[in-house]
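Please open the structure in your viewer and keep the selection panel at hand. The tour goes from the whole chain to one pair of helices and then to a single residue beside them.

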Amino acid sequence: MSYELQALIGMLELLTVAAAEVPTARVVPLAQGLALIPVTPAVLSALQGDTAVPKPGGGAGFGWHSAGFELRLAAWSKAGPIACVEAEYFGGSGTQRAAVWSDGRIVLGPLASGEFEPVSAEGTPISRALRRLGGFVGPGRTDEFDSVGLGAHRSTAGWAVG
């Protein structure tokens, strides 16, 4: 079974305001007051703006976004922290990346975990980013990822259609 996600995560109110600037964006509420915007190809294109040239090696450690994308995240983060996350898993192994912007700059990351790497004592990159956003491990849950409900869909496209 596979899992893949490319998304922006932040407080529901922040993402609602941010998404108003991107007609193709869909805000999906998560637990703990958080929400996500699935970064579909249409959303990515809109976020890249006039500076759609990818940064060497990918922006903030991500191979799929540009300087324009990061400028938009930096601007939004002046109203509150916002994370950019990605995950790809198949058969129980995979990768994660996460970075958090706040006050116009990256304040966490970029963090990455590779395939077959052990999880650090601090947690996975996405769980660490969620913690920076105010997420926590809920009762009976294994980590922040599980607690906010990121397992509800198996793909970015699944999040985009609900």
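Among contacts in the protein between residues at least 6 apart in sequence, what percentage join residues at least 24 apart? In this predicted model, the share of such contacts that join residues at least 24 apart is 50%.

Begin with everything selected and coloured by secondary structure, where you will find six helices and six strands, which follow one another from the N terminus in the order β-α-β-β-α-α-β-β-β-α-α-α. Of the 162 residues in the protein, 48% are buried, and if you switch on the surface, its accessible area comes to about 7700 Å², with 58% of that belonging to carbon and sulfur atoms.

Next, select residues 41–48, which form helix α2, together with residues 67–76, which form helix α3. Their axes lie 7 Å apart and make an angle of about 80 degrees, and because angles of 65 to 115 degrees count as roughly perpendicular, the two helices are therefore described as roughly perpendicular to each other. To see where they meet, show the side chains of Leu44, Ala46, Leu47 and Gln48 on α2, and of Gly68, Phe69, Arg72 and Trp76 on α3; the residues of this contact divide into five nonpolar, two polar and one charged.

Finally, select glutamate 21, in the loop between α1 (12–19) and β2 (28–29). Glutamate 21 is partly exposed, with a relative accessible area of 47%, and, leaving aside its neighbours within four places in sequence, it is in contact with Arg72 and Trp76. Alanine 46 is 25 residues from glutamate 21 in sequence, while their C-alpha atoms are 9.1 Å apart in space.

Methods
Residues numbered from 1 in each chain as written. Predicted model: local features only at pLDDT ≥ 70, side-chain atom pairs only at ≥ 80, totals over all residues. Heavy atoms only, no water. Axes fitted to C-alpha atoms, helices over the stretch in contact; angles between N-to-C directions. Helix = DSSP H or I, 4+ residues; strand = E, 2+ residues; numbered from the N terminus. Parallel < 35°, antiparallel > 145°, perpendicular 65-115°, else oblique. Contact = heavy atoms within 4.5 Å. Nonpolar A, V, L, I, M, F, W, Y, C, P; charged D, E, K, R; others polar. Buried < 20%, exposed > 50% of the residue type's maximum accessible area, 1.4 Å probe, protein only. Areas by Shrake-Rupley, 256 points an atom, 1.4 Å probe, with all protein chains shown as cover.
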